[in-house]
Amino acid sequence: MDHSVKVIDPRTFREGSQAVVHGLRRAFADILSAAGADPSQPQEISRRYGLDKTLAWRISRVIRQEDAIVAVRDIPRRPSIGIFLRKMEKHGVPADRIAAMWKALDDFEAFVHIHSGDRETLEVMVET
């Protein structure tokens, strides 16, 4: 069993987190824009599209949070994003925007794997 300690360059970590979170932010915003929704109105998004209010709030926070490190804790998990995307597909969001969201999520999950191994560890890392 490998018990070596990973040394992470803080600048590389911050730049990488900014890039992947920006990709998610852009994908969420593009989907909501295509659906005619205002990301600053999570309650309206929840009502209009039948989304769980916590999910709508988290998506709104990811889009509006300027600091990528802070936004990490609000990024919904893959199953919740799947629910969001199915609802958005039903409301006419184009397939290319749905595909872009999956790509952004894949990029984020690759970043998580490389830098922390799992989401829980990443969230602890960004809290400190």
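**Exercise 1. Which exposed residues does the face of α6 turned away from its buried side carry?**

Solution. The model is predicted: local features need pLDDT of at least 70, side-chain atom pairs count only at pLDDT 80 or more, and totals for chains, interfaces and linings use all residues. Residues are numbered from 1 along each chain as its sequence is written, and side-chain values use heavy atoms, with hydrogens and water left out.

Step 1. Fix the terms. Buried means under 20% relative accessible area, exposed over 50%, and partly exposed in between, with a 1.4 Å probe and protein chains only. Helices are DSSP runs (H or I, at least four residues), numbered from the N terminus.

Step 2. Take the helix. α6 covers residues 95–115, that is 21 residues, and reaches 30 Å from its first C-alpha to its last. This is close to the expected 30 Å at 1.5 Å a residue, where the expected span is 1.5 Å times one less than the number of residues.

Step 3. List the buried residues of α6: I98, M101, A104, L105, F108, F111, V112 and H115. They sit on the same side of α6 because they cover an arc of only 140° around the axis. The arc is taken from the directions from the helix axis to the C-beta atoms.

Step 4. Read the opposite face. A95, D96, H113 and I114 are the exposed residues there. Just after α6, G117 has a positive phi of about 90°.

**Exercise 2. Sort residues of helix α2: which are buried, and which are exposed on the other side?**

Solution.

Step 1. In α2 (residues 42–49), the buried residues are P42, I45, S46 and Y49. These lie on the same side of α2, because their arc around the axis is only 100°.

Step 2. On the other side of α2, Q43 and R47 are exposed.

Step 3. Look at the end of the helix: G50, just after α2, takes a positive phi of about 70°.

**Exercise 3. Describe the surroundings of G36 and of Q65, two loop residues.**

Solution.

Step 1. Place G36 in the loop between α1 (10–35) and α2. G36 has a relative accessible area of 47% and is therefore partly exposed.

Step 2. Leaving aside neighbours within four places in sequence, G36 is in contact (heavy atoms within 4.5 Å) with R48 and Y49. The C-alpha atoms of G36 and V93 are 9.4 Å apart, although 57 residues separate the two along the chain.

Step 3. Place Q65 in the loop between α3 (53–64) and α4 (68–71). Q65 counts as buried, at 17% relative accessibility.

Step 4. A polar atom of the Q65 side chain lies 3.1 Å from the backbone nitrogen of D67. Beyond four places in sequence, Q65 is in contact with R25, V70 and A71.

**Exercise 4. How many salt bridges are there by the rule, and which residues does the network of shared partners join?**

Solution.

Step 1. Apply the rule: a side-chain nitrogen of Lys or Arg within 4 Å of a carboxyl oxygen of Asp or Glu. The count comes to five salt bridges.

Step 2. Begin within α2. R47 and E44 form a salt bridge at 3.6 Å, N to O. They are three residues apart in α2, so about one helical turn separates them. R47 is exposed at 61% relative accessibility, while E44 is partly exposed at 36%.

Step 3. Turn to D106 and R78, whose closest N and O atoms are 2.6 Å apart. D106 lies in α6 and R78 in α5 (residues 78–90), so this pair ties together parts 28 residues apart in sequence. D106 is partly exposed at 39%, and R78 is partly exposed at 32%.

Step 4. Add the salt bridge between E109 and R78 (2.6 Å, N to O). This pair links E109 in α6 to R78 in α5, 31 residues apart. E109 is partly exposed, at 31%. Through shared partners, R78, D106 and E109 form one network.

**Exercise 5. Which residues of the largest nonpolar core touch the most other members, and which element gives the most to this core?**

Solution.

Step 1. Define the core: a set of buried Ala, Val, Leu, Ile, Met, Phe, Trp, Tyr and Cys residues joined through side-chain atoms within 4.5 Å.

Step 2. The largest core has 34 residues, of which F28, I31, L32, F84, M88, M101 and F108 touch the most other members. Two or more residues come from each of α1, α2, α3, α4, α5 and α6. α1 gives the most, with eight residues.

Step 3. Take L32 as an example. Not counting residues up to four places away in sequence, L32 touches A37, P39, I45, I59, I63, F84 and M88.

Definitions and conventions: Polar contact = N/O pair within 3.5 Å; in protein donor to acceptor, adjacent residues only side chain to side chain.
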